[in-house]
Each structure stands twice: as structure tokens, then as C-alpha cells.
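I opened this model to look things up one at a time. These are my notes, in the order I made them.

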Amino acid sequence: MIRPLSLFPALTNDLYSDRFDKIDKLFSHLTGVKPLALPSESYNLKKIDDRHYELIISVPGFTENELDVSFSNGQLFVVGDHKEETPKKGEWLHQGISHRSFSAQYSLGKNAKIQSAELCDGLLKILLEYEIPKDEKVKKIAIKKAKKNEPKKLKATKKPSVPKKTKTAK
């Protein structure tokens with residue numbers, strides 16, 4: 001299941017999500033049923049300059065081989081497919097680190113380009129570049145100050161020449 005996420009989420013989306021997650025975890029702990037909500041993808045967005053950004057997504061426990069990053073029509077897709085591992089020795093007494101697969105979708109817009117992606121210490125860093133075409137850039141128009149009380153001078157134009165009438169004999 002792919003859940004679309006806006007790159008710039010609205011403030012109202014985040015006000016109650018943390019509370020819901022805590023209540024969901026409490027009920028799942030009491031009942032033993034898996035939580036209803038998937039863990040929300042944690043990410044940071046850093047502006048490097050006017051054209052470059054860095055999207056940092058938290059993907060703890062995933063390796064490069066378990067992640068797939070793709071970009072198409074302004075949509076960035078990040079899929080994590082966790083390979084199941086069994087402990088080599090012993091048994092788990094508590095296993096609180098989530099090892100579930102996930103899918104996330106980010107709307108970046110048609111002018112976005114992916115520069116690179118790297119995984120380091122459980123953080124997937126994706127460098128983005130936004131290039132606005134010349135015809136879509138805002139063009140600043142200079143305003144000239146007009147001189148006061150001076151009528152605008154028009155260039156004199158020549159009157160069209162009318163052929164002179166000649167006297168005709170009767």
C-alpha cells in the first residue's frame with residue numbers, strides 16, 4: 001500500500017497524529033493486536049540553496065539492497081522490503097524494533113530532479129534540484145517614473161498628399 005505524502009505537510013496534519021499513534025500503541029499493547037496505523041515515515045527536509053534541497057528519510061535497519069528509490073512524473077517512490085532474519089543464537093525476549101516493509105510516495109513537482117541517494121546510519125539522504133524553466137520564471141518589470149505636467153509629445157506625421165484638381169476643358 002503506497003501512502004502519498006506531501007513534501008511540505010500542512011501543520012494540521014501533524015497536530016493529532018502523534019496522539020493517535022500513542023493511543024494506537026497503547027491499545028495494541030493491551031490487546032496484543034498489531035497497531036492499526038503503520039509507523040509514520042520520519043523525514044527531514046533541508047534547503048541547501050534556492051535550487052537544492054536534501055530529503056532525509058529515517059529507515060532504521062534497512063540495507064541498500066532492501067530499499068528501492070524511483071522517480072517518475074514528479075513523484076518520488078521509496079519502498080523498503082525487509083528480509084526476514086532469524087536470530088543465530090538465542091531467542092528474542094523483547095523485539096520492539098519494527099522490521100516491517102513500507103512504501104512511501106512524495107509529490108515533488110514536475111521541475112524536480114534527483115541528484116543522488118545514499119544510505120548512512122539508518123538515514124536515506126536524497127539530494128534534489130529544482131530547475132524552473134525560463135518561461136515559468138517570474139520576470140521583474142521595471143517601472144519608470146513619468147515627468148509631471150509634461151504632455152506626451154507625438155511625432156508629427158505627414159498628411160497624405162491629395163492630388164491637386166486640374167481644370168479640365170469643357
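**Entry 1: Lys-46**

I began with the exposure of Lys-46. Its relative accessibility is 45%, so Lys-46 counts as partly exposed, since that class lies between under 20% for buried and over 50% for exposed. I note here that the model is predicted.

I then placed the residue. Lys-46 is in strand 2. Opposite Lys-46, in strand 3, stands Glu-54. Which residues does Lys-46 contact, leaving aside neighbours within four places in sequence? I found His-52, Tyr-53 and Glu-54.

I also checked one distance across the chain. The C-alpha atoms of Lys-46 and Leu-127 are separated by 9.6 Å. Along the chain these two are 81 residues apart.

**Entry 2: the sheet around strand 2**

Next I followed the strand pairing outward. A hairpin of 4 linking residues joins strand 2 to strand 3. The two strands pair in the antiparallel sense, over 5 bridges.

Strand 3 also runs antiparallel to strand 8 (residues 123-130), and 7 bridges join them. I picked out one bridge: Ile-56 has Lys-125 in strand 8 as its partner. Strand 3 is mostly covered, with 5 of its 7 residues buried.

In what order do the strands of this open sheet lie? I read 2-3-8-7, with antiparallel pairing, for a sheet of 4 strands. Strand 2 and strand 7 (112-120) each have a single partner strand, so each edge strand has one side without a neighbour in the sheet. From one strand to the next, the twist averages 20 degrees.

**Entry 3: the nonpolar core**

I turned to the interior. The largest nonpolar core has 17 residues. Ile-57, Val-78, Tyr-106 and Ile-126 have the most contacts inside it. At least two residues of this core come from each of strand 3, strand 5 (75-80), strand 6 and strand 8. Which strand gives the most to the core? Strand 8 does, with 4 residues.

I listed what Val-78 touches, not counting residues up to four places away in sequence. The list includes Ile-57, Tyr-106 and Ile-126. It also includes Phe-102, Ser-103 and Ala-104. Asp-68, Val-69 and Leu-124 complete the list.

**Entry 4: strand 6**

Strand 6 deserved its own look. Why is it described as largely enclosed by the rest of the structure? 5 of its 6 residues are buried, so the description follows from that count.

Strand 6 pairs with strand 5 in the antiparallel sense, over 6 bridges. Leu-76 stands opposite Tyr-106 of strand 6. I looked up the cover on Tyr-106: its relative accessible area is 0%, so it falls under the 20% limit and is buried.

**Entry 5: aromatic pairs**

I then searched for ring pairs. How many aromatic pairs are there? The count comes to 3. I noted two pairs in detail.

The first entry is Tyr-43 with Tyr-106. Their ring centres are 5.5 Å apart and their planes stand at 80 degrees, so the pair is edge-to-face; the angle cut-off for that class is over 60 degrees. Tyr-43 is in strand 2 (residues 43-47) and Tyr-106 is in strand 6 (residues 102-107), so the pair ties together parts that are 63 residues apart in sequence.

The other entry is Phe-62 with Phe-102. This aromatic pair is edge-to-face, at 5.3 Å centre to centre and 85 degrees between the planes. Phe-62 lies in the loop between strand 3 (52-58) and strand 4 (67-72), and Phe-102 lies in strand 6, so this pair ties together parts that are 40 residues apart in sequence. Are these two buried or exposed? Phe-62 is buried, and so is Phe-102.

**Entry 6: the whole chain**

Last, I stepped back to the totals. The protein chain has 2 helices and 8 strands. From the N terminus, its elements run β-α-α-β-β-β-β-β-β-β. Of its 170 residues, 19% are buried.

I also checked contacts between residues at least 6 apart in sequence. Among these, 57% join residues at least 24 apart. The chain exposes about 15300 Å², and carbon and sulfur atoms supply 56% of that area.

Conventions. Residues are numbered from 1 along each chain as its sequence is written. This is a predicted model: local features need pLDDT of at least 70, side-chain atom pairs count only at pLDDT 80 or more; totals for chains, interfaces and linings use all residues. Side-chain values use heavy atoms; hydrogens and water are left out. Rings of Phe, Tyr and Trp (its six-membered ring) pair if their centres lie within 6.5 Å; planes under 30 degrees apart count as stacked, over 60 as edge-to-face and the rest as tilted. Buried means under 20% relative accessible area, exposed over 50%, partly exposed in between (1.4 Å probe, protein chains only). Contact means heavy atoms within 4.5 Å. Accessible areas come from the Shrake-Rupley method with a 1.4 Å probe; for residues, only the protein chains shown count as cover. Two strands pair if DSSP finds at least two bridges between them. Axes are lines fitted to C-alpha atoms, for helices over the stretch in contact, and angles run from 0 to 180 degrees between N-to-C directions. A nonpolar core is a set of buried Ala, Val, Leu, Ile, Met, Phe, Trp, Tyr and Cys residues joined through side-chain atoms within 4.5 Å.
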